[in-house]
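I opened this entry to record which helices pack together and what sits in the interior. Notes follow in the order I looked things up.

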Amino acid sequence: VPVALAIVLAIAVGVVIIAYAQRHQEQHDTEAAAAALQVMLKERTARDTATMQSLTGQLMRDEAVLAAFRAGDRAALLARTGAFLAEIRKRNDITHLYFIRPDLTTLLRVHRPEDHGDRIDRFVNEQARATGGFFAGYEQGPYGSYTLRAVTPWTVQGQLVGFLEKGIEVEGLVSGLKPAMAAG
């Protein structure tokens, strides 16, 4: 009986040690995966922000876009930028493109042209206006989508024409991370 009891006790201690070690390993693996995901998200955010900033420059060099923006001509802006948004959506997962007046009211949401005229009081927009420079960050929009937003003031000869905002919904960011997570 004492030997059997000692064997049962040894087995029980072994099971507890194995369970503890397994739980510790799972916790370590979870922490390592979370850290890797954080690094990937930071890198993806930096890359996407730089891409959006570069594409803003491309739009700002288009004289027809500038003329339509200055004139407040939504139809001309949409005609000139609708295909542009479709292309950058396919290539870069960019889902949002706004033309925003200097008072932060929307002239045109290229991705939702029927919705315009509202004031955008998001932090990213306020920071771009306050600093007079490019600003990016994550914010939730009026339709519930959590989005990486990049806002650039558009000035011509010292006069603020308005702001260009582009965005990538988090779903696009996450889907872009899935292959990297599966490979890792």
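I started with Leu 77 and listed its contacts, leaving aside neighbours within four places in sequence: Val 65, Ala 68, Phe 69, Gly 82, Phe 99, Leu 107 and Leu 108. The model is a predicted one, and I read each entry below with that in mind.

Next I looked up the nonpolar cores. The largest has 24 residues, and Leu 77 is listed among those with the most contacts inside it, along with Phe 69, Ile 94, Leu 97, Phe 99 and Trp 154. I then checked which elements give two or more residues to this core: the helices α1 (2-60), α2 and α3, and the strands β1 (96-100), β2 (106-109), β4 and β5 (159-169). I found another core lying apart from it, with 8 residues, including Ile 100, Val 124, Ala 128 and Val 151.

I went on to the helix pair α2 and α3. Helix α2 covers residues 63-71 and helix α3 residues 74-92; their axes are 8 Å apart and the packing angle is about 150°. Angles over 145 degrees count as roughly antiparallel, so I entered α2 and α3 as roughly antiparallel to each other. I noted the crossing of this pair as left-handed. On the α2 side I listed Ala 64, Val 65, Ala 68 and Phe 69, which meet Ala 76, Leu 77, Arg 80 and Thr 81 of α3. Sorted by class, this contact has 6 nonpolar, 1 polar and 1 charged residues.

I did the same for α1 and α3. Their axes are 13 Å apart, and the angle is about 160°. That makes α1 roughly antiparallel to α3 as well. I noted this crossing as right-handed. From α1, Thr 51, Leu 55, Gln 58 and Leu 59 meet Thr 81, Phe 84, Ile 88 and Asn 92 in α3. By class I recorded 4 nonpolar and 4 polar residues here, with no charged ones. Thr 81 appears in my α3 list for both helix pairs.

Last, I looked up Thr 147. Is Thr 147 buried or exposed? Its relative accessibility is 0%, so I entered Thr 147 as buried. Thr 147 lies in strand β4, which runs over residues 146-156. Leaving aside neighbours within four places in sequence, I listed the contacts of Thr 147 as His 96, Gly 137, Tyr 138, Glu 139, Gly 167, Ile 168, Glu 169 and Val 170.

How values were computed: Residues are numbered from 1 along each chain as its sequence is written. This is a predicted model: local features need pLDDT of at least 70, side-chain atom pairs count only at pLDDT 80 or more; totals for chains, interfaces and linings use all residues. Side-chain values use heavy atoms; hydrogens and water are left out. Helices (H or I, at least four residues) and strands (E, at least two) are DSSP runs, numbered from the N terminus. Buried means under 20% relative accessible area, exposed over 50%, partly exposed in between (1.4 Å probe, protein chains only). Contact means heavy atoms within 4.5 Å. Axes are lines fitted to C-alpha atoms, for helices over the stretch in contact, and angles run from 0 to 180 degrees between N-to-C directions. Angles under 35 degrees count as roughly parallel, over 145 as roughly antiparallel, 65 to 115 as roughly perpendicular and the rest as oblique. A crossing is left-handed if the near helix is turned anticlockwise from the far one by less than a right angle, and right-handed if clockwise. Ala, Val, Leu, Ile, Met, Phe, Trp, Tyr, Cys and Pro count as nonpolar, Asp, Glu, Lys and Arg as charged, and the others, Gly among them, as polar. A nonpolar core is a set of buried Ala, Val, Leu, Ile, Met, Phe, Trp, Tyr and Cys residues joined through side-chain atoms within 4.5 Å.
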